[in-house]
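Open the model in your viewer and keep the selection tool at hand. We will go from one stop to the next, choosing what to highlight and looking at what is there.

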Amino acid sequence: TLFRSIEPLIVTQADPASSLHMLLDGHLRLLAARELGLAKVTCLVSKDDEGYTYNKRVNRLATVQEHYMILRALERGVPEERLAKALDIKIESIRRKRDLLDGICEEVVEMLKDRHFSVDVTRQLRKMKPQRQIECADLMCSMNNFSVHYASALLAATPADQLAEDRKSTRL
């Protein structure tokens, strides 16, 4: 049987001396086909001598979308341990991503829904009251800077009256 995956393997043109192809992209798909015992797989033959991956337009999940994906899997009964193993990340990371939006106002979630950022950014934002969260998220979007350092600087510049109630007493 011919193995047809969503994306075919990408190979070079056959070497004239050996008649062999070199695999450019699809190493894991090839491994899966081999484990299934398949002798043939669908391939695209590159006519250019390219040294980069053909998977240059990988669609990575935004941080908020990843949060919703993890929540959905957990709601459907997938154990945290199994999810962590499938995603090849630590179970603590699953829990942090699960709790990503706790204490974050809806307006900020909407502003950040298509952005990539560390889960530590929301850790900084949740130390602020909702109105300040919105201001900071707006600044982050305007600057296209979603780093933890920038979020920490915004937190440091936040007046005490705009900090979340449980954070005011811990500030120096």
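Which residues in H2 meet Ile94, Lys97 and Arg98 in H4? Bear in mind as you look that this is a predicted model.

**Stop 1: two helices that cross**

Select helix H2 (residues 63-75) and helix H4 (residues 91-98); their axes come within 8 Å and cross at roughly 105°. That makes H2 roughly perpendicular to H4. Now show the side chains: Glu66, His67, Ile70, Leu71 and Leu74 are the H2 residues that meet Ile94, Lys97 and Arg98 of H4. Colour this contact by class and you will find four nonpolar residues, one polar and three charged.

**Stop 2: Glu80**

Next, pick Glu80, which belongs to helix H3 (residues 80-87). Is Glu80 buried or exposed? Its relative accessibility is 15%, so Glu80 counts as buried, the cut-off being under 20%. Leaving aside residues up to four places away in sequence, Glu80 touches Leu74, Ile91, Ile94, Arg95 and Arg98. You have already met some of these: Leu74 of H2, and Ile94 and Arg98 of H4, take part in the helix contact of the previous stop.

**Stop 3: the sheet**

Hide the helices for a moment and show the strands. Three of them form an open sheet with mixed pairing, in the order S3-S2-S5. Strand S3 (23-25) and strand S5 (43-46) each have a single partner strand and stand at the edges, so one side of each is left without a neighbour in the sheet. From one strand to the next, the twist averages 40°.

Zoom in on strand S2 (residues 9-12), which pairs with S5 in the parallel sense over four bridges. With S3, strand S2 pairs in the antiparallel sense, over two bridges. Ile10 is a good residue to centre on: its bridge partner in S5 is Leu44, and in S3 its bridge partner is Asp25. Move along to Val11 and you will see Val45 of S5 standing opposite.

Now turn the sheet over and back. In a regular strand the side chains alternate between the two faces of the sheet. Here both faces of S2 are covered: Leu9 and Val11 are buried on one side, and Ile10 and Thr12 are buried on the other.

**Stop 4: Thr12**

Stay in strand S2 and select Thr12. What is the relative accessible area of Thr12? The value is 17%, so Thr12 is buried. Show its surroundings and, not counting residues up to four places away in sequence, you will find that Thr12 touches His21, Met22, Leu24, Val45 and Ser46.

**Stop 5: the helix across the sheet**

Bring back helix H1 (residues 27-35), which lies across S2 and S3 and runs at about 115° to S3. Which residues of H1 are buried? Select Arg29, Leu30 and Ala33: these are buried. They cover an arc of only 100° around the axis, which puts them on the same side of H1. Rotate to the other side of H1 and you will meet His27, Leu28, Arg34 and Glu35, which are exposed.

For the last click, go to Gly37, which follows H1 and has a positive phi, near 75°.

Methods: Residues numbered from 1 in each chain as written. Predicted model: local features only at pLDDT ≥ 70, side-chain atom pairs only at ≥ 80, totals over all residues. Heavy atoms only, no water. Pairing = 2+ DSSP bridges. Axes fitted to C-alpha atoms, helices over the stretch in contact; angles between N-to-C directions. Contact = heavy atoms within 4.5 Å. Parallel < 35°, antiparallel > 145°, perpendicular 65-115°, else oblique. Nonpolar A, V, L, I, M, F, W, Y, C, P; charged D, E, K, R; others polar. Buried < 20%, exposed > 50% of the residue type's maximum accessible area, 1.4 Å probe, protein only. Arc of directions from axis to C-beta.
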